[in-house]
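This report looks at a few residues that a database record marks out, and at their surroundings. Please have the sequence and the structure in view while reading.

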Amino acid sequence: MIAIIKYNAGNTKSVFNAVTRLGYEAVITDDFEVIKSAEKVIFPGVGEASSAMKYLKEKGLDKIIKNLKQPTLGICLGQQLMCEFSEEGNVDCLGIFPIQVKKFPAKDIVPHMGWNTIYDFQNVIYNLPAKLFDKVNTNSDVYYVHGYYCELSNFTIAKTDYILEFSAALNKDNFYATQFHPEKSAGIGEQILKNFLEM
C-alpha cells in the first residue's frame, strides 16, 4: 500500500492516478496509522508553505512525517516543506533537509513553469549514483510549476538551472524529494516514480 498524504494541498489526485497506473495500490489519507504502516509514503502538494505548515501542525502530521522510517517522497511543495525554512510566508518547516527555500529573484518569468532540464544525478553524501534516477538520462526534461526553490546542498541529487542553479531533487536517508512533478513529466517522470516505488 502506498500512502499519499492528504493535507489540504492540491495535486494529490494526479499523483494517485500516476501511482495506480504503475500497478500499485494507493490511498489518499491523513490517518496516522495508515501512513505509518504504508510500504511507501508520498507527500505531494501544490499550495502555499505557511498555510500548509499550519494545517500539518494542527493535524499532528508534521511529527508523523519527519519520523517516517519507510521510503518517503516529497513532490513540489512537499519537497519545500521537508526543508528547514521557507521564505514563502517566512515559516519554519519540517527540517528534514537542512536547507532554505528561497524566492526566485525577479530576473525572468516567475513562477518557473513548464519543461526544464535535470542533470548531475549524484548522491554526494553516500558517494553513489542517485537511485531515484536509475534508467533516466542526464539532461532529461521534467515539468515544473514553482516560484520558490530549494538551495543547493550536499543532499542535492539533481540540479536544474532557471535564473540560478537549484535542487531539482534531494535525498537524505529514507527521504527523497523532487521540485518537479514526476506525475506530469511523461515517460521520464513515470520512470522516476517507478524507481521510488521499487525501493
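With the side chain of which residue does the side chain of glutamate 183 make a polar contact of 2.7 Å? The partner is histidine 181. The model is a predicted one.

## The record

UniProt, in an unreviewed entry, lists Cys76, His181 and Glu183 under "active site". These residues are spread over 108 residues of sequence, yet they cluster in space, with a largest C-alpha distance of 10.9 Å.

The unreviewed entry in UniProt also gives the feature "domain: Glutamine amidotransferase" for residues 8-197. In the model, that span is 26% helix and 32% strand. The C-alpha atoms at its two ends are 24 Å apart.

## Glutamate 183

Glutamate 183 sits in the loop that runs between strand E15 (175-178) and helix H6 (186-197). Its relative accessibility is 10%, so glutamate 183 counts as buried, the cut-off being under 20% relative accessible area.

Although buried, glutamate 183 has no salt bridge. Lysine 184 is the nearest side chain of opposite charge, and it is 5.1 Å away. A salt bridge would need a distance within 4 Å.

Polar contacts are present, however. The side chain of glutamate 183 is joined to that of asparagine 11 by a polar contact of 2.3 Å, and to that of histidine 181 by the 2.7 Å contact named at the start. Setting aside residues up to four places away in sequence, glutamate 183 touches Asn11, Ser14, Val15, Ala18, Arg21, Ile75 and Leu193.

## Histidine 181

Histidine 181 is also located in the loop between E15 and H6. Is histidine 181 buried or exposed? It has a relative accessible area of 1%, so it is buried.

Among the residues in contact with histidine 181, beyond its neighbours within four places in sequence, is Cys76, which the UniProt entry lists for the "active site" as well. The other contacts of histidine 181 are Asn11, Gly45, Val46, Ile75, Tyr143 and Val145. Asn11 and Ile75 appear in the contacts of glutamate 183 and in those of histidine 181.

Conventions: Residues numbered from 1 in each chain as written. Predicted model: local features only at pLDDT ≥ 70, side-chain atom pairs only at ≥ 80, totals over all residues. Heavy atoms only, no water. Helix = DSSP H or I, 4+ residues; strand = E, 2+ residues; numbered from the N terminus. Buried < 20%, exposed > 50% of the residue type's maximum accessible area, 1.4 Å probe, protein only. Lys, Arg positive; Asp, Glu negative; His and termini not counted. Polar contact = N/O pair within 3.5 Å; in protein donor to acceptor, adjacent residues only side chain to side chain. Contact = heavy atoms within 4.5 Å. UniProt positions renumbered as here; feature names shortened; annotations may be inferred.
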